[in-house]
Amino acid sequence: MILRLILVFYIAAMLSSTASPQIPNAIPSAAKVKIESATPNARLADRYEALSCALVRITSDEGSGTGFFIDNAGTIVTAAHLVMQTSFSLEGRAIRVQMSAQHNLKATTSDKVTRPIELSTSKAAAEMAASDLAVIKTSFTPRCHLEIGDSKGLRIGSHLIAIGYASFDSPSASLYEGFLGSRHPHAPIPIGSAGLQSAISTYEVMRIQMPIATGASGTPVITDDNRVVGIITEETAIWTKELADFLALAKQPKLSAGMTISFSNGQVIEPLKLLSQLILIVHELETPGAGLAVPTYYLKLATDAGRPPSNSSP
């Protein structure tokens, strides 16, 4: 019996000694997972420096935003509303899109080279404009460019970054990080009028969960393999042109002249001045958590055959 117990303990000891090397393996495995999950963050600075050379700042008398090179020939992709004004007319049941460039339209590269840019008036350009995209041929020789990726195959939850100029006076491009939150049709908001009818453009957009700032239109949305899958066209911020116009007006010294409210305790307030301060707080301190991007499959490039067109209907 004693011999049998000794044999049992010996076998158990042998089994535990052969199994013990598996225990340390669990520690490197966990560490490896942590390292891999942190890799995108560790690489953000390197990616920002490597990819920013493909960006251009788009400016006009109407505002500013971002564009980016997609080839060595200097072709720029951006949001259509940054570079053009559109009007619409009816031809039977179809809507015809007329495009005109924004005033004093220019592009500035990361090397601080600024040149005027001209728009195409082709049918493909009009179709892209209906989904708020524009492709512009230029004479620039870019230091680098971004390649177009597969936006159709992008899965919900995919890690993404975006790099773009948030405002006209921003000294450098801003870096954003997040993920693809959803896909859905763009809200059927009229984008113009044709005769007595409203022109409505329907196309799919991607909701990008990252703190996109006001003014980031045209910013490329980039996957972990550094390919563009979307172009930011809207941010979900509480901001309108009317608010921007009022804020500019509020800076005039005589805005509230004669418009005051007096209280019995002697306090006097200026309603318009107070309203302008509230608007400024919303503009400066809000933290929008998402933006809308148009998928790259709406781009009509020389190599794109059979891409789905956006549909415009009255």
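This short talk goes through the salt bridges of the structure and then two loop residues with an unusual backbone angle sign for their type.

Please keep in mind throughout that what we are looking at is a predicted model.

Let me begin with the charged side chains. Side chains of opposite charge can pair when their charged atoms come close. In this structure there are 6 salt bridges, and I will take you through some of them.

Start with arginine 47 and aspartate 224, whose side chains meet in a salt bridge with a nitrogen-to-oxygen distance of 3.5 Å. Arginine 47 sits in helix α2, residues 22-51, while aspartate 224 belongs to the loop between β15 (220-222) and β16 (227-235), so this pair ties together parts that are 177 residues apart in sequence. Which of the partners is buried and which is partly exposed? Arginine 47 has a relative accessible area of 3%, and because buried means under 20%, it counts as buried; aspartate 224, at 33%, is partly exposed.

Next, please find arginine 227 and glutamate 147, which form a salt bridge at 2.7 Å from N to O. Arginine 227 lies in strand β16 and glutamate 147 in strand β9, residues 147-148, so here the pair ties together parts that are 80 residues apart in sequence. Arginine 227 is partly exposed, with a relative accessible area of 33%, and glutamate 147 is partly exposed as well, at 40%. These two residues also belong to a network, in which salt bridges that share partners join Glu147, Asp225 and Arg227.

One more pair is glutamate 204 with arginine 183, where the closest N and O atoms of the salt bridge are 3.6 Å apart. This pair links distant parts of the chain, since glutamate 204 is in strand β14 (residues 204-209) and arginine 183 in strand β11 (residues 174-185), 21 residues apart. Glutamate 204 is partly exposed at 23% relative accessible area, and arginine 183 is partly exposed at 24%.

Now to the backbone, and to two loop residues. Asparagine 104, in the loop between β5 (94-101) and β6 (106-109), has a phi near 60°, which is a positive value in a residue other than glycine. With 45% relative accessibility, asparagine 104 counts as partly exposed. Lysine 112, placed in the loop between β6 and β7 (114-116), likewise has a positive phi without being glycine, and its value is near 70°. How exposed is lysine 112? Its relative accessible area is 59%, and because exposed means over 50%, lysine 112 counts as exposed.

Definitions and conventions. Residues are numbered from 1 along each chain as its sequence is written. Side-chain values use heavy atoms; hydrogens and water are left out. Helices (H or I, at least four residues) and strands (E, at least two) are DSSP runs, numbered from the N terminus. Buried means under 20% relative accessible area, exposed over 50%, partly exposed in between (1.4 Å probe, protein chains only). A salt bridge is a side-chain nitrogen of Lys or Arg within 4 Å of a carboxyl oxygen of Asp or Glu.
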